[in-house]
Amino acid sequence: MQKRVRFFSVVFALLLTSSALLAQATLKGSVKDEKGEALVAASISVAGTTTGVITNLEGMYEMPLPAGTHTINVSYTGYEAIAQVVTIGNQDVVLDFILKSAVTNLNEVVISVGSRNTLRTSTDTPLPIDILGAKDLVASGQTTFDKALTYRVPSFNSVQTPVNDATSLLDPYEIRNMGPSRTLILINGKRKNMSSLLYTQTSPGRGETGADISAIPQDAIERVEILRDGASAQYGSDAIAGVMNIILKKDVDKGGVTLRTGMTSEGDGEMFGVSVNNGARLGARGFLNYTLDLSKIGLANRPGTVDAEGEAADFGANINDVRAFLKDRPDAGNINGSPATTAMKFAINTGGKVSENSEVYGNAAYIFKKVNSFANYRTPYWRTLSDFPYLTDFFGVNGKYVGYVPTFDGDLIDYHATAGFKSSRNGWNTDVSFTIGGNQQTYTVRNSQNRNRTLNPDGTFKYRENSPINFRPGGTRFTHAVGNIDVNKRVSNIFSFAFGSEFRTEDFTILVGDEASYEDGGADSFAGNDPRNSGHFNRYNVGAYADFAFDFTENFLVNATARLENYSDFGDAFVWKISSRYKLADDNVVLRGSISTGFKAPTLHQIYTQKAQYSFVPGQGIQVGGLVSNVSREARLLGIPNLDPEKSTNFTLGIGLKPAPNFNITLDYFSINLKDRIILSTEIKSTGGTTPLDKILSSNNLSDLSFFVNALDTRTSGLDFVANYRAIKFGAGKLGVSLAGNVMLQNERVGAVKNPALIAGARQSVANATQEALFFTSRPKFKTILGLDYEVGRFIFTLGNTLFGPTKFKQQGLDDNLYTEFKTKLVTDLAITFQTSKKSTIALNINNLFNVLPEWEFKAENAKGETLLKDAAALKVNSNLITFNQRYSTTTYDGSHFSQLGTIFNLSYNFRF
């Protein structure tokens, strides 16, 4: 480590000395539209270099440049880009620009993700970057930011899980099928806090956590930059699959209010919302943009018709009793689909000049979300009066016991805030910032019981007939504080460099539940946090990086980055990255590629979480298992090693083509080799003997246990394709066509599973076929999005077609000779926008126009599987096993590749102030 520190010190000293010898002057001026109005945040960049700035609130810009001749590119969303040659000598040069209104071309917007050096446009970057503007998100018709990205970015996937307990507060998302924890989320270039939720259900995202991007109000977003490449060298941990940078609005003159309503074609899931986005000038040089979004979405219920024979077999019930109950409640009273959600979201973005060479900036958001969902209905043949004779008193209806359904209420608070200072002096650009953020989730279980037989000293039951029916199981909290110092300088036309440092402290708290919620099994459906498993946990890390950009010619760029980090819990991590770009044919052909190493630190959630977990066990209903902390006594007894960071090697190679002025094509290959992937193990069961494993299970009354471990080496590779053709004259209007796709070539385990000795000795494995299907094949094999938008007169018609490729699952309990495959499906979305006046528009969105639903089928693993496919009775048994006797008939218990809600209608009205 000392050698690396000395290396960085020597490099920095040489650069500081050499840069003072080079002459510079400042190019400055304004950017306005044809009406003479200032364009705020317009992009000004130097062709063939990484140098770029944006205009301030007055449409003014300043950009230090070395002496020589430069081509200046100027662009702004919705306006035609222009280029002009300028010669810089020893004196400052004033150059004003006027942009003409045109079709949107986000490819020429200056972006801030992907390099720690000075800004560049996406056409100049050596990395694959998607840019989505606010109009793209709104046109999707989706009510949350994460779902909008699903239908706009092929490599991004997010879908609601079928089991609606804590997971209903935050749906798992991922880029390139790599899980939510391997995509870094930034807000205006600064790291956003993770969620406090750890996914523990058997569904995609199991064992991971990510930032809550669904909480960000869409009307606060100006654009989204998605870097589809590893970037740990630039940003640190988590940036293995990519980086998402969310840029907030700066407008002060374009505010408005939006009213929204909608429902599904089934008449449920009704939605009402109102959003206000507005801005104000702060003095002569400052701005404040704010967004307030209030929404309420009703329950959308999609249970299946429950199979009586399967119920009777699972619960040992009389078939006539089961049929009698299901006659009145064919779905067994189950409620699953999309839970009722109420949300309040507030965000601000602010900044301003304090002098000619310096500015302050800041942004903040506060989100409150409440989710009301349900556990599986406890039928009267599941929780019987013979076992619990008091249940009629608890849950009887008109003196008759008909079962009960525990409710699950989740309260989420998510916040972040950043304050920073930027300065530019003698070509040195400095950015100093401090960020805080946090996420807290607390839970309430109602209409349930603690059914344990624990006795009081007087011989009466402590719970059972004396149990409360409402519980507070506790929750989790995650916070972080991040300090950043970033410095960059353009030394010459050929060379620029950047360096910086980050300090971050993280806190994870497991909040204790009330005693009745956890003691002796706790609340029926969702056990609370035991004080012995709760607590407050902390770590910190400090990192430093150096970034060098070499523009050897106007067409040839090489970028190199190195980063060193030290974590208080596991030590050092050193990573690097090299990327390059070469432009041909008057910039109409771009070749680009990169190679890098990366890492992902184990999260505090993965290290310290320990709890009882209610889970579905095929053929046995809901059972209580245990999740063992990585640093617990139980972990030591089982021989579970401490978690190490994951390590990755990333490689990308791509080409960009511009056959015509409004026509762009990119094709990128990516490969990610991941070593020591952290997983939440499968449920490890008793050996029937007296091993430490058996003792832990019996002493804690658990059916099984699971834990986190560095268990797998994996390889992921694929292709990303993007093509856009804009402003095609078609009749009286203009047509835009976009086609984008992602194809997974590989997503698989490399080598054997790394089982702890005790687990291997019990002839069990921490990763079985169920787990590996969730990791590797539970997201679409390919996804393609064809978008058409036609603007004519006051109308804009948008047609989106998303082709979800097949996904494969190996659900727990399924016959070893079978697997399930969700079929390829095409989902079509239609949006019609009408400008009713100069200041108002009305929009109708019909998502999933043709009411396409997920559909799965059994597939054979081998010849025995082929025989099973011809056996209707065997298929029925297996179908019941993976759907909890058809409660989850559309999605199975593990989830599907897109939403099961079907057609959704949304209507919105926007009025601009």
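A crossing of two helices is left-handed if the near helix is turned anticlockwise from the far one by less than a right angle, and right-handed if it is turned clockwise. The exercises below use a predicted model, in which local features need pLDDT of at least 70, side-chain atom pairs count only at pLDDT 80 or more, and totals for chains, interfaces and linings use all residues. Residues are numbered from 1 along each chain as its sequence is written, and side-chain values use heavy atoms, with hydrogens and water left out.

**Exercise 1. Describe how helices α5 and α6 pack, and state the hand of their crossing.**

Step 1. Locate the elements: α5 covers residues 308-315 and α6 covers residues 319-328. Helices (H or I, at least four residues) and strands (E, at least two) are DSSP runs, numbered from the N terminus.

Step 2. Take the geometry. The two helices pack at an angle of about 130 degrees, and their axes are 9 Å apart. That angle makes α5 oblique to α6. Angles under 35 degrees count as roughly parallel, over 145 as roughly antiparallel, 65 to 115 as roughly perpendicular and the rest as oblique. Axes are lines fitted to C-alpha atoms, for helices over the stretch in contact, and angles run from 0 to 180 degrees between N-to-C directions.

Step 3. Assign the hand: α5 passes α6 in a right-handed crossing.

Step 4. List the contact (heavy atoms within 4.5 Å). On α5 the residues are A308, E309, E311 and A312; on α6 they are I319, V322, R323 and L326.

Step 5. Sort these residues by class. The contact of α5 with α6 holds five nonpolar, no polar and three charged residues. Here Ala, Val, Leu, Ile, Met, Phe, Trp, Tyr, Cys and Pro count as nonpolar, Asp, Glu, Lys and Arg as charged, and the others, Gly among them, as polar.

**Exercise 2. Identify the buried residues of α6 and of α11, and say what they pack against.**

Step 1. Apply the cut-offs: buried means under 20% relative accessible area, exposed over 50%, and partly exposed in between (1.4 Å probe, protein chains only). In α6, this gives V322, F325 and L326 as buried.

Step 2. Look down the axis of α6. Its buried residues fall within an arc of 95 degrees, so they line one face of the helix. The arc is that of the directions from the helix axis to the C-beta atoms. An α-helix has 3.6 residues a turn, so residues three or four places apart point the same way.

Step 3. Turn to the opposite face of α6, away from the buried side: N320, K327 and D328 are exposed there. The buried residues of α6 pack against α5.

Step 4. Repeat for α11 (residues 692-699), where L693, D694, I696 and L697 are buried. Down the axis of α11 these residues fall within an arc of 165 degrees, so they too line one face of the helix. K695, S698 and S699 are exposed on the other side of α11.

Step 5. Find the partners. The buried residues of α11 pack against α10 (633-637), β37 (705-730) and α12 (757-761).

**Exercise 3. Place L638 and give its contacts beyond four places in sequence.**

Step 1. L638 lies in the loop between α10 and β35 (646-660). Its relative accessibility is 2%, so L638 counts as buried.

Step 2. L638 is in contact with P692, L693, I696, L705, P756 and L758, its neighbours within four places in sequence being left aside. P692 is 54 residues from L638 in sequence, with a C-alpha to C-alpha distance of 6.5 Å.

**Exercise 4. Which strands hold F670 and L907, and is each residue buried or partly exposed?**

Step 1. F670 is in strand β36 (residues 663-680). With 1% relative accessibility, F670 counts as buried.

Step 2. Beyond four places in sequence, the contacts of F670 include R176, F651, T652, L719 and M744.

Step 3. L907 belongs to strand β46 (residues 904-912). Its relative accessible area is 39%, so L907 is partly exposed.

Step 4. With the same sequence neighbours left aside, L907 is in contact with L259, R260, T261, I842, A843 and L844.

**Exercise 5. Where do N447 and D587 lie, and what is phi of each?**

Step 1. N447 lies in the loop between β26 (428-446) and β27 (471-490). Its phi is near 60 degrees, a positive value in a residue other than glycine. At 26% relative accessibility, N447 is partly exposed.

Step 2. D587 lies in the loop between β31 (571-584) and β32 (589-600). Phi of D587 is near 70 degrees, again positive in a residue other than glycine. D587 is partly exposed, at 36% relative accessible area.
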